[in-house]
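Biologist: I have a model open and would like to learn how to read it. Could you take me through the ligand and then the domains?

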Amino acid sequence: MVAAWLRRARRVAVLTGAGISADSGLPTFRGAQHALWSRFRPESLATPEAFAHDPALVWAWYQWRRALVARARPNPGHTALVELEAAVPVCTLITQNVDGLHRAAGSRNIIALHGELLRDRCTGCGRESPCTIVASLADAPCERLEPDRCPACGARLRPAVVWFGEPLPEGAMAAASAAVRACEVLLVVGTSGVVYPAASLAPLARTAGARVVVVNPEPAPDDVARQLTGSAADILPALVRRAFA
Ligand code: OAD
């Protein structure tokens with residue numbers, strides 16, 4: 001049924017979260033035993049206040065995550081979404097992920113709601129640049145590391161991600177809202193749906209008349225049109241094959 005919806009659709013939107021990268025070896029934030037927020041406190045690591053209070057602690061944590069991401073590769077779930085984009089007239093990929101794996105896989109029409117982990121932004125002049133990656137930190141994280149400095153103005157660099165309490169990149173939420181309002185099918189893949197404003201997108205799509213399909217190993221809320229239970233790396237390639245092969 002979902003395959004037929006996708007085949008007939010002229011506009012599809014996809015909302016992804018950390019779960020789509022789980023099969024690339026990256027930890028999710030919630031749920032699993034090794035989920036990031038079961039091991040670390042978001043308030044100590046992912047807020048502007050945390051960075052102001054203890055920049056070396058925050059920087060070390062992000063350098064660890066960057067090293068993990070740098071060695072991760074897109075999985076068949078990411079690849080299936082590239083194929084979906086090629087098969088549907090308008091397909092918009094909205095992601096809460098900062099790992100860059102959708103782009104690495106080849107997706108092009110991406111709205112990155114929470115920024116990009118592998119880029120820095122200068123806290124002084126605002127300039128953005130690719131971050132440094134220390135590969136060994138993936139296996140041997142440090143507790144504290146002094147943040148790199150901006151080569152232009154000397155101020156501290158910070159990761160170019162959205163922290164709790166910060167606004168989303170300009171225009172990102174407006175573009176995402178327009179895409180879900182216009183779509184016939186919204187695929188919600190690998191997100192717990194608890195972080196706003198991204199969490200408002202599925203209800204918005206439903207109100208606008210879209211079919212909301214959840215891909216997740218965990219049960220979805222009752223009001224979705226369809227839940228496909230399992231890992232994104234298994235479900236998405238099979239779904240796209242059924243829809244377009
Ligand atoms: P979460 O960690 O909250 O949720 C991950 C979801 O992925 C859960 O619903 C899991 O059941 C599901 N999942 C796990 N393995 C999966 C797999 N192989 N295939 C499909 N689904 C799987 O991640 P997000 O919802 O992305 O924000 O978290 C939202 C935001 O909270 C993040 O962007 C981040 C975080 O704090 C900021 O840092 C601002």
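Modeller: Happily, and bear in mind that this is a predicted model. For polar contacts, look for N or O atoms that pair up within 3.5 Å. Here, an N or O atom in the side chain of R30 sits 2.6 Å from an oxygen atom of the ligand.

Biologist: How far is a nitrogen atom of the ligand from the side chain of D23?

Modeller: The distance is 3.1 Å, taken to an N or O atom of that D23 side chain. The backbone can take part too: an N or O atom of the G19 backbone lies 3.4 Å from a ligand nitrogen atom.

Biologist: And how much of the ligand does the protein bury?

Modeller: On its own the ligand exposes 790 Å², and the protein buries 90% of that. The ligand is surrounded by 22 residues, with F29, R30, T191, S192 and N216 the closest.

Biologist: Now the domains. Which stretches make up each one?

Modeller: A domain need not be one continuous stretch, as this chain shows. Domain 1 takes in 1-26, 74-114 and 168-245, while domain 2 consists of 28-71 and 116-161. Their centres, taken over C-alpha atoms, are 26 Å apart.

Biologist: How much area do the two domains bury between them?

Modeller: About 780 Å², with 69% of it on carbon and sulfur atoms. On the domain 1 side, A18, L26 and V98 lose the most area to domain 2, together 53% of what that side buries.

Biologist: How many salt bridges and polar contacts cross that interface?

Modeller: The rule finds zero salt bridges there, and one residue pair is in polar contact. The domain 1 residues touching domain 2 comprise six nonpolar, three polar and one charged.

Terms used: Residues numbered from 1 in each chain as written. Predicted model: local features only at pLDDT ≥ 70, side-chain atom pairs only at ≥ 80, totals over all residues. Heavy atoms only, no water. Domains from an automatic or database assignment. Buried area = accessible area lost by both parts, 1.4 Å probe. Salt bridge = Lys/Arg side-chain N within 4 Å of Asp/Glu carboxyl O. Polar contact = N/O pair within 3.5 Å; in protein donor to acceptor, adjacent residues only side chain to side chain. Nonpolar A, V, L, I, M, F, W, Y, C, P; charged D, E, K, R; others polar. Near = heavy atom within 4 Å. Areas by Shrake-Rupley, 256 points an atom, 1.4 Å probe, with all protein chains shown as cover.
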